[in-house]
Amino acid sequence: RSSAGGRGDGAASRRGRRSPDVARAPSTTPAPTIDEGVVARNLDAVGALVRTLVKHTEGADGAGGGSSGGYEGDGFRLVRCMPHLKRREADAAVSAGRVLVNGELVRPSQRVKAGDVVTLDGKVMLWEAYARRVEEEIANDATSSFVYLLYNKPRGVVCTMEPHQRTSLHFALERERARMKKIRIFPVGRLDKDSSGLVLLTNDGRVSDALLDPSRKAEKEYDVDVDRDVSAADVERLAAGVVITTLQQRTMTETTAPTQPCEVRKIGPRTLRFVLKEGRNRQIRKMCEALSYDVTRLHRTRIAELELGDLEIGGLRPLDVDELRVVSDRVRERAKASTQSTQKQSSESRRRKAAIDANPSGWGSKIYKDSHTT
């Protein structure tokens, strides 16, 4: 599918129509070096996920036990230990030092385990029974047999699983994939080689349709650095839409049209934050180029409600409970919309057939016969 991130390096002329993407020189961004510390932490995360899947599979028949006992999982995200707070409120409370785990300051991404004491403003949070109940609900959900991972893709990694491409995810996550054994994951959507940031990996084929369906595409958020200071007028022009020429990768045809209105904010003299649903090939880079800016860094931080947070570069982690619910809800919405569409088509077919039967010599019957003549 097309990506808003783009493949270009911004080295071509800034004005005028560019040659088709297929004629562009290949990216010069080198493949990133492997950080062994990051790989080790990834392997721990993947190992815990695999153990959880095995536990759900083998214990499905005899789970029982109710939800009143202690927490037995591999780690529950700290910000979920305060269900009376919204997600951002809990993040802010932890960042402000109001939340302690075993009497110590921690980061919002901290995961707590059985026996950990969590306090908010000195008050003990009784989180274990809640965490157990939530994870049992997730275990019984239709998505529990699948794998969902957030990955902070470094620049230089190509977002495919092609085994013949040394810079692809196939090699960047080689040891992590080996730890998952027979579980075959793939990226949902694309993020180009010269871009970095959030990529969702899964073995659930339903998720691509749920997140990338053109009629209900999920929002994506990007932080973008450019080569010079950005004026307020240009921010407004970008948000309103600019005319760009993009290549449709499936048909290899070019389209020249204005971009859809989107949210663009200036968060630094040379840094912009884009929030858009549209996903034309190299869209953000081309939007900036249309106003004579070259993109020097493009980093995706969010897909729908899935946020990169403080996940380290090259890091990998399973989705937490809230994020799993986001995926599950979107899969259900997509399935419901598909069913309704099929029912509508069937209903229209029945009405058309009834009209033809009522008037066999009418135009409807003639059109039907002509369209079915071989």
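1. Let's start with the surroundings of H170. Leaving aside its neighbours within four places in sequence, H170 touches T160, M161, E162, P163 and R177. Please keep in mind as you read on that this is a predicted model. H170 itself sits in helix α4, which covers residues 169-172. One of its contacts is worth a look on screen: T160 lies 10 residues away along the chain, and the C-alpha atoms of H170 and T160 are separated by 7.1 Å.

2. Is H170 buried or exposed? The relative accessible area of H170 is 19%. Buried means under 20%, so H170 counts as buried, with its value of 19%. If you colour the model by accessibility, please bear both numbers in mind for this residue.

3. Now to strand β9, residues 196-202. How many of its residues are buried? The count is 7 of 7, so this strand is mostly covered by the cut-off of under 20% relative accessible area.

4. Which strands pair with β9? Strand β7 (residues 148-153) is joined to β9 by 6 bridges, and the two run antiparallel. Within that pairing, Y148 has T202 of β9 as its bridge partner. Strand β8 (residues 186-187) also runs antiparallel to β9, with 2 bridges between them. Here F186 stands opposite T202. T202 is therefore a handy residue to click on, since by the bridge definition it faces Y148 in one pairing and F186 in the other.

5. β9 has a parallel pairing as well: strand β15 (residues 295-303) joins it over 2 bridges. To find this spot, look for S196 of β9, which stands opposite H299 of β15.

6. Helix α7, residues 232-240, is my next stop. Which of its residues are buried? They are D234, V235, L238 and A239. These residues lie on the same side of α7, because they cover an arc of only 140 degrees around the axis. As a reminder, an α-helix has 3.6 residues a turn, so residues three or four places apart point the same way. On the other side of α7 you will find E236 and A240, which are exposed.

7. What does the buried side of α7 pack against? Its buried residues meet β13 (263-268), β14 (271-276) and α8 (283-290). Showing these elements together with D234, V235, L238 and A239 makes a useful view of the buried set.

8. A last small point concerns the residue just after α7. G241 takes a positive phi there, of about 115 degrees.

How values were computed. Residues are numbered from 1 along each chain as its sequence is written. This is a predicted model: local features need pLDDT of at least 70, side-chain atom pairs count only at pLDDT 80 or more; totals for chains, interfaces and linings use all residues. Side-chain values use heavy atoms; hydrogens and water are left out. Buried means under 20% relative accessible area, exposed over 50%, partly exposed in between (1.4 Å probe, protein chains only). Helices (H or I, at least four residues) and strands (E, at least two) are DSSP runs, numbered from the N terminus. Contact means heavy atoms within 4.5 Å. The arc is that of the directions from the helix axis to the C-beta atoms.
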